[in-house]
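Here are a few exercises to work through with the model open beside you. Try each task before reading its solution.

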Amino acid sequence: MTLWTLAAEPFDSPDATALRRAYYHDVASRYWGRPATTEEVDDGLTGDGAEQLTPPTGRFVVGRYGGEAAACGGVLMLDDERAELTRVFLRHDFRGRGGAGLLMERLEHEARVLGARRMVLNTRLDLVEARALYVRHGYAEIPAYCTGPYMEIWYGKELKDL
């Protein structure tokens, strides 16, 4: 029996907001080599496009372990057949409990429901745990499909039909 439950949820629900803040704090702190401040997290989340993670343009998923908000991720439709995986995060205390794989499966399912046949993503080279997760789930390095200051490597995967 798994203690994990995963469900699509509004990106701005209290749990989703707390997870998005924790995600941004984690990746920003790693990038800067110091803890991100509350103001920096607020600035980073302002205008981050999370409102697009709602149907028909996307979906946001929250994972709970034993009822506690522990993981999140989003999918954003880039065109009629391609979705982008974004904001994949597990709180550190919940890692190693099987949630990452369940989260990836659920996000891929949500992308297929939205019509995606391919999933793509971009990330930073220093996020080695995330990169390992993507490779374990069948993602392979692809040419850059977008550019930005925090994009250093790109991955893609063909999605199986529903």
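A salt bridge here is a side-chain nitrogen of Lys or Arg within 4 Å of a carboxyl oxygen of Asp or Glu. One caution before you start: this is a predicted model, where local features need pLDDT of at least 70 and side-chain atom pairs count only at pLDDT 80 or more, while totals for chains, interfaces and linings use all residues. Residues are numbered from 1 along each chain as its sequence is written, and side-chain values use heavy atoms, with hydrogens and water left out.

**Exercise 1. Salt bridges of Asp 48**

Task: Find the salt bridge that joins Asp 48 to Arg 87, and work out which parts of the chain the pair ties together.

Solution:
- Start with the distance: the side chains of Asp 48 and Arg 87 meet at 3.6 Å, N to O.
- Next, place the partners. Asp 48 sits in the loop between H2 and S2, and Arg 87 in strand S4 (residues 82-90), so the pair ties together parts that are 39 residues apart in sequence. Helices (H or I, at least four residues) and strands (E, at least two) are DSSP runs, numbered from the N terminus.
- Now look at Asp 48 again: its side chain also meets that of Arg 20 in a salt bridge, at 3.3 Å, N to O. Arg 20 belongs to helix H1, so this pair connects parts 28 residues apart in sequence.
- Finally, check exposure. Buried means under 20% relative accessible area, exposed over 50%, and partly exposed in between (1.4 Å probe, protein chains only). Asp 48 is partly exposed at 22%, whereas Arg 20 is buried at 7% and Arg 87 is buried at 12%.

**Exercise 2. The wider salt-bridge picture**

Task: How many salt bridges are there, and which residues do shared partners join into one network?

Solution:
- By the rule above, the count comes to 13 salt bridges.
- One of them pairs Glu 108 with Lys 157, with the closest N and O atoms 3.1 Å apart. Glu 108 is in helix H3 (residues 99-113) and Lys 157 in strand S7 (residues 153-158), so to speak a link between distant parts of the chain, 49 residues apart. Both Glu 108 and Lys 157 are buried.
- As for the network, salt bridges that share partners join Glu 9, Asp 15 and Arg 64.

**Exercise 3. The two sides of H2**

Task: Which residues of H2 are buried, and which exposed residues are on the face turned away from them?

Solution:
- Helix H2 covers residues 38-45, and Glu 40, Val 41 and Leu 45 are buried in it.
- Look down the axis: the buried residues of H2 fall within an arc of 130° (taken from the directions from the helix axis to the C-beta atoms), so they line one face of the helix.
- The general rule helps here: an α-helix has 3.6 residues a turn, so residues three or four places apart point the same way.
- Turn the helix round, and the face away from the buried side carries the exposed Glu 39 and Asp 43.
- Step past the helix and you reach Gly 47, with a positive phi near 70°.

**Exercise 4. Cysteines**

Task: How many disulfides does a search of the whole structure find?

Solution:
- Zero. A disulfide is a pair of cysteine sulfur atoms within 2.5 Å.
- For Cys 72, the closest cysteine sulfur is in Cys 146, 19 Å away, too far for a bond.
- Cys 72 is also buried, at 0% relative accessibility.
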